[in-house]
Every structure is written in C-alpha cells, then in structure tokens.
Amino acid sequence: MRRKAIVANWKMNMDSASIGEFCSKIQDMTIKDDVIAGICVPALYFTQVKTALDKSKIKIGAQNAYFEEKGAYTGEISAVMLKDVGAELCIVGHSERRQLFGDTDEIVSKKLKAVLSKEITPILCVGEVLAQREEGTHKDHVKKQIESAFSGIGKEDAKKIIVAYEPIWAIGTGKVASAEDAEEMCGFIRSILALKYGDIAESILIQYGGSVKPENISELMKMQNIDGALVGGASLEAQSFESLVMKA
C-alpha cells in the first residue's frame, strides 16, 4: 500500500515570530509511519524552520528551484543550494509559478530533473483552469503537462517523484473538486504513468491540492488513487496542519 503525503505550501506567508510559534506547537507532533509530513517554506526562513524542527519527522522543503547549478541568475536559488541547507522536498511547476512567472512545460521539466539530480524529492504540480474543465479539454492539458515533465526520466527516478494534481480553479478559492472528480483525474494521471512505466506507476504518490481543509481531507483520503494533499491556506495554522496529518 502506498504511503500518504501531507505537505504544506506556505507560499509567501509567515514571518519569524509566527514561524517560531507554529514550530513550537508541532515539533512533538505524532506522525504515523505510513505518512510523510512536510512543509515547503519561503526560502528566507528555511534554516529557521529546519533548526526548529530538527528532531521532528517533518520534512522541510522549498517552493521552487532554478535548473542551473550556479551563475548570473539574480534572485534564483539552485537545487545545489537547497541540498546544501538540507532540503528534502521541492515543489516544481506550481500553477502560480506557471501563470505568474512564466514557467513553461519545458522549464518545469528542467527544474524537475535538477531537483532529482540532487536527491531531493520533487512535488510536481499539474492542473487545469476552469475554462479547460468546462470545455472538456482538462485531461488533454494535464496529460501534456505529465508527458512533458516525465520526458527523459527513467523508472528509478520516476518512483521518487510526487505528483500533485491541483485544479487551478480550486486553489485558494474555497471551491473544491468533489472527491470523485479528484479521484477521476488522479486515476487518469496514474494511467498515463502506467503507459510509460508499467507497474511502477502503482508506487508513485499522487496528491490532491485545492482548498483542502481538515473538514474535507478524510473524504479525499478514502479515494483509491489519492495519496495525500498539497495544502495551502489550511497549513498556516499549526492545529489545522496537525489535524490534516493525523487524518491522512
């Protein structure tokens, strides 16, 4: 049976004081053996969170990485740097990176390979906008994202990737895809991966993300192909994050 992965994406939120309070509340949190719990933090606070949760089983990650190892790329952070400070996770291709900062499928593929090369677990985000779902092209869109990202990646590396399906229309809007809709797309993603990797696809973790809260996490976790959640707003409160992890 696959493990569950509950990962917080703090985005551009929190400060030193609120992070200190958050970490003090969750540092002794019980995490089941079959659950991966992680927090992807703003880069400036990575060391603070890593130090505060040093004795915890919680994995600390980044929200983005550049695909070059070093050079004249002002403001960027490489996978080499993330590995150096102890990152265990890294979000790649989040819809906000794609929509606001121009991360194309090609760029996402490069970032994915860079993160994998440094033995950091990538969380690859894919998902459609509302218009694509209403037009019935949402599966074609997600298929293209998956095929581009996994291009050139072998079976052993494929097993190390977590895929996060996030319908863009449900991120931060309060709207949630029904558990059945989420399951349908996560199952579809697994079928795409099965065509490329065979039985390996059964071991790849596929999360759902999009207004996930303690109130709806249990229903989502009952689905056969949903292996956890990538959580935004509901992960900013310690009690809420702990509840999500406990219910996984």
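In the predicted model, helices α7 and α9 cross in a right-handed sense. Helix α7 spans residues 138–150 and helix α9 spans residues 179–197; their axes come within 10 Å and cross at roughly 40°. This angle makes α7 oblique to α9. On the side of α7, the contact is formed by H138, K139, V142, K143, I146, E147 and F150. These residues meet E184, M185, F188, I189, I192, L193, K196 and Y197 of α9. Sorted by class, the contact of α7 with α9 contains nine nonpolar, one polar and five charged residues.

Several residues of this contact recur in the nonpolar interior. In soluble globular proteins, nonpolar side chains tend to be buried together. The largest nonpolar core of the model comprises 71 residues, and those that touch the most other members are I39, I58, I146, F150, V163, I189 and F241. Helix α9 supplies the largest share of this core, namely nine residues. When residues up to four places away in sequence are not counted, I189 touches V126, V142, I146, V163, Y165 and I206. Of these partners, V142 and I146 also belong to the α7 side of the contact with α9. A second core, separate from the largest one, consists of twelve residues, including L89, I123, C125 and L205.

Helix α9 also contains A194. The relative accessible area of A194 is 32%, so this residue is classed as partly exposed. The C-alpha atoms of A194 and E106 lie 22 Å apart in space, and the two residues are 88 positions apart in sequence.

A second helix pair is formed by α1 (residues 16–26) and α11 (residues 238–247), which pack at an angle of about 40° with their axes 9 Å apart. Helix α1 is therefore oblique to α11. The contact joins F22, K25 and I26 of α1 to A238, F241 and E242 of α11. By class, it has four nonpolar and two charged residues, with no polar residue. The crossing of α1 and α11 is right-handed. F241, a participant in this contact, is also among the residues that touch the most other members of the largest nonpolar core.

Strand β1, which covers residues 4–9, includes K4. With a relative accessible area of 15%, K4 is buried, because a value under 20% counts as buried. Leaving aside residues up to four places away in sequence, K4 touches D34, V35, I36, M221, M223, I226, D227, G228 and A248. K4 and Q48 are 44 residues apart along the chain, and their C-alpha atoms are separated by 26 Å.

Two loop residues were examined for their backbone angles. Most residues other than glycine have a negative phi. E119, which is not a glycine, has a positive phi near 60°. This residue is placed in the loop between α5 (105–117) and β5 (121–126). E119 has a relative accessible area of 65% and is therefore exposed. S211, likewise not a glycine, has a positive phi of about 55°. The loop that holds S211 runs between β7 (206–208) and α10 (217–221). S211 is buried, with a relative accessible area of 14%. Thus E119 is exposed, whereas S211 is buried.

Notes: Residues numbered from 1 in each chain as written. Predicted model: local features only at pLDDT ≥ 70, side-chain atom pairs only at ≥ 80, totals over all residues. Heavy atoms only, no water. Axes fitted to C-alpha atoms, helices over the stretch in contact; angles between N-to-C directions. Helix = DSSP H or I, 4+ residues; strand = E, 2+ residues; numbered from the N terminus. Parallel < 35°, antiparallel > 145°, perpendicular 65-115°, else oblique. Left-handed = near helix turned anticlockwise from the far one by under 90°. Contact = heavy atoms within 4.5 Å. Nonpolar A, V, L, I, M, F, W, Y, C, P; charged D, E, K, R; others polar. Core = buried A, V, L, I, M, F, W, Y, C linked by side-chain atoms within 4.5 Å. Buried < 20%, exposed > 50% of the residue type's maximum accessible area, 1.4 Å probe, protein only.
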